[in-house]
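Dear colleague,

I am passing on the structure we talked about, with the sequence alongside it. Please have it open while you read the notes underneath.

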Amino acid sequence: MTDEKDLSALTVLFVDDEENVLKSLSRLFVDEQFAVLTAGSGQEGLETLRNHDVAVIVSDQRMPGMMGAEFLARSREIRPDAVRMILTGYADVSAAMDAINRGGAFRYITKPWNDDDFVYAVHDALDRYHLAAENRRLTALTIKQNEELKKWSSELEVYVQQQTIDLSRRNKELEQLTVKL
């Protein structure tokens with residue numbers, strides 16, 4: 001779990017148009033190792049994403065100017081690797097589907113939330129972010145190592161061909177010496 005990992009380099013962004021909700025979320029996560037950013041609107045959230053590397057995005061669904069699903073969809077273009085979650089006070093199935101389908105939401109959390117469940121959900125999202133980042137790192141490493149192996153294999157093939165030609169030449173020389181004797 002994330003408690004054992006160094007989270008100090010990670011950032012979580014909370015986006016909600018209600019200042020008291022942002023303050024509650026900041027207080028809830030004040031003792032965590034990761035950084036917490038807040039934004040009071042979807043537009044402010046997008047600007048924050050352009051300026052900060054964010055691992056997890058939690059957005060309110062109902063905000064003036066830009067709904068949460070739209071914000072998450074647009075945030076996906078800026079920070080495609082970030083894990084996105086939607087937070088709402090309304091049990092709206094179509095909004096949940098929109099947030100998941102358009103915005104790629106990992107979780108749908110309702111207001112009021114249970115503090116322990118919410119903290120667990122954010123840690124779970126951070127774990128997901130870590131796993132995806134590690135998967136990307138290992139995939140890139142595997143591709144690089146496969147390219148190196150192909151190069152070495154090719155070089156080895158050339159070396160073996162050269163040695164075969166050299167052995168064949170020496171074998172002919174030995175045959176000629178044997179015939180002379």
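The notes below go from one strand to its neighbours, then to the aromatic rings and the nonpolar cores.

Please keep in mind throughout that this is a predicted model.

I would begin with strand β3, residues 56-60, where 5 of the 5 residues are buried, so the strand is largely enclosed by the rest of the structure. Val56, Val58 and Asp60 point one way from β3, while Ile57 and Ser59 point the other way, and the residues on both sides are buried. Strand β1, residues 11-15, runs parallel to β3 and is joined to it by 4 bridges, and within this pairing Leu13 has Ile57 as its bridge partner. Strand β4, residues 83-88, also runs parallel to β3, to which 5 bridges join it, and here Val58 is partnered by Met85. Taken with helix α3, residues 68-78, the strands β3 and β4 make a right-handed β-α-β unit.

The aromatic residues deserve a separate look, as the structure holds 5 aromatic pairs. In one of them, the ring centres of Phe14 and Phe118 lie 6.2 Å apart with the planes at 45°, and because an angle that is neither under 30 degrees nor over 60 counts as tilted, this pair is tilted. The pair links distant parts of the chain, since Phe14 belongs to strand β1 and Phe118 to helix α5 (residues 115-180), 104 residues apart. Phe14 has a relative accessible area of 0% and is buried, and Phe118, at 1% relative accessibility, counts as buried too. Both residues belong to one aromatic cluster, which Phe14 and Phe118 form with Phe29, Phe34 and Trp113.

Turning to the nonpolar cores, the general expectation is that in soluble globular proteins nonpolar side chains tend to be buried together. In this model the largest nonpolar core has 23 residues, and Val56 and Phe118 are those with the most contacts inside it. The elements β1, α1 (19-28), β3, β4 and α5 each supply at least two residues of this core, and α5 gives the most, with 7 residues. A second, separate core holds 16 residues, among them Ala39, Ile86, Ala99 and Ala105.

Which residues does Val56 touch, not counting residues up to four places away in sequence? They are Thr11, Val12, Leu13, Val83, Met85, Ala125 and Leu126.

With best wishes

Terms used. Residues numbered from 1 in each chain as written. Predicted model: local features only at pLDDT ≥ 70, side-chain atom pairs only at ≥ 80, totals over all residues. Heavy atoms only, no water. Buried < 20%, exposed > 50% of the residue type's maximum accessible area, 1.4 Å probe, protein only. Pairing = 2+ DSSP bridges. Right-handed = clockwise from strand over helix to strand, strands pointing away. Phe/Tyr/Trp six-rings, centres within 6.5 Å; stacked < 30°, edge-to-face > 60°. Core = buried A, V, L, I, M, F, W, Y, C linked by side-chain atoms within 4.5 Å. Contact = heavy atoms within 4.5 Å.
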